Amino acid sequence: MWHGHSRGFIIRTDNQFLVNGKELVYEGEWDDWRSHPEGVVIEKGNKLLLNGKKLLYDDEREEWDGHIEGVIVQIENQILLNGELLLYKGNFDTWLSHPRGAIIQKEPQDTFSGGYSGYFKDPDGYLWEVAWNPFTDLT
């Protein structure tokens with residue numbers, strides 16, 4: 001299995017994780033894992049470890065993802081960086097970490113036209129709208 005990575009791609013074979021199929025960044029047991037700019041974040045129980053070594057987070061959470069500054073975790077209706085810095089609090093259907101750190105600016109909500117829309121700011125400060133229009137056929 002392989003996944004995209006900021007330095008190319010990650011290949012996982014059994015319990016080995018290799019950047020670009022060459023650089024071994026972790027070997028050992030794991031429960032789950034995510035790509036990270038410096039290798040992989042390994043989940044072992046409640047612990048999230050960068051390349052299986054550096055502790056990034058150690059507590060309960062509902063969801064999590066790798067991030068350039070560590071990990072982003074979801075605890076109930078909150079999204080936190082490394083379980084400490086509150087990035088967002090409110091209602092949401094789902095979330096996904098941007099590899100360089102996009103932040104939700106306006107939670108997704110129904111629009112007057114019958115669609116759904118929300119805003120996020122990318123790492124360069126640009127504001128983006130993500131929208132769904134049920135009346136537009138994209139096929």
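**Exercise 1.** Which residue in β8 does L49 stand opposite? Determine how β7 and β8 are arranged in this predicted model.

*Solution.* Begin with the pairing: β7 and β8 are antiparallel and share four bridges. Within this pair, L49 is placed opposite L55 of β8. A further position is L50, which stands opposite K54 in β8. Next, consider the connection: the two strands form a hairpin with three residues between them. In that turn, N51 has a positive phi of about 55 degrees.

**Exercise 2.** Identify the strand that β6 (residues 39–44) joins, and describe the turn.

*Solution.* Four bridges link β6 to β7, and the two strands run antiparallel. V41 stands opposite L50 in β7. The hairpin of β6 and β7 has two residues between the strands, and G45 takes a positive phi near 65 degrees.

**Exercise 3.** Establish which residues make up the largest nonpolar core and which elements supply them.

*Solution.* The core has nine residues: V41, L48, L50, L56, Y57, W64, V71, V73 and L80. Two or more of these residues come from each of β7, β8 (54–58) and β10 (70–75). Apart from this core lies another, of eight residues, including I10, V25, Y26 and I42. For the core member L80, the contacts beyond four places in sequence are V71, I72, V73, I75, L85, L86 and L87.

**Exercise 4.** Assess the confidence of the prediction for the chain and for its elements.

*Solution.* The chain averages a pLDDT of 85, and 90% of the residues score at least 70. Among the elements, strand β7 (residues 47–50) has the highest mean, 96, whereas strand β1 (residues 2–5) has the lowest, 55.

Terms used: Residues are numbered from 1 along each chain as its sequence is written. This is a predicted model: local features need pLDDT of at least 70, side-chain atom pairs count only at pLDDT 80 or more; totals for chains, interfaces and linings use all residues. Side-chain values use heavy atoms; hydrogens and water are left out. pLDDT is the predictor's confidence in each residue, from 0 to 100. A nonpolar core is a set of buried Ala, Val, Leu, Ile, Met, Phe, Trp, Tyr and Cys residues joined through side-chain atoms within 4.5 Å. Buried means under 20% relative accessible area, exposed over 50%, partly exposed in between (1.4 Å probe, protein chains only). Contact means heavy atoms within 4.5 Å. Two strands pair if DSSP finds at least two bridges between them.
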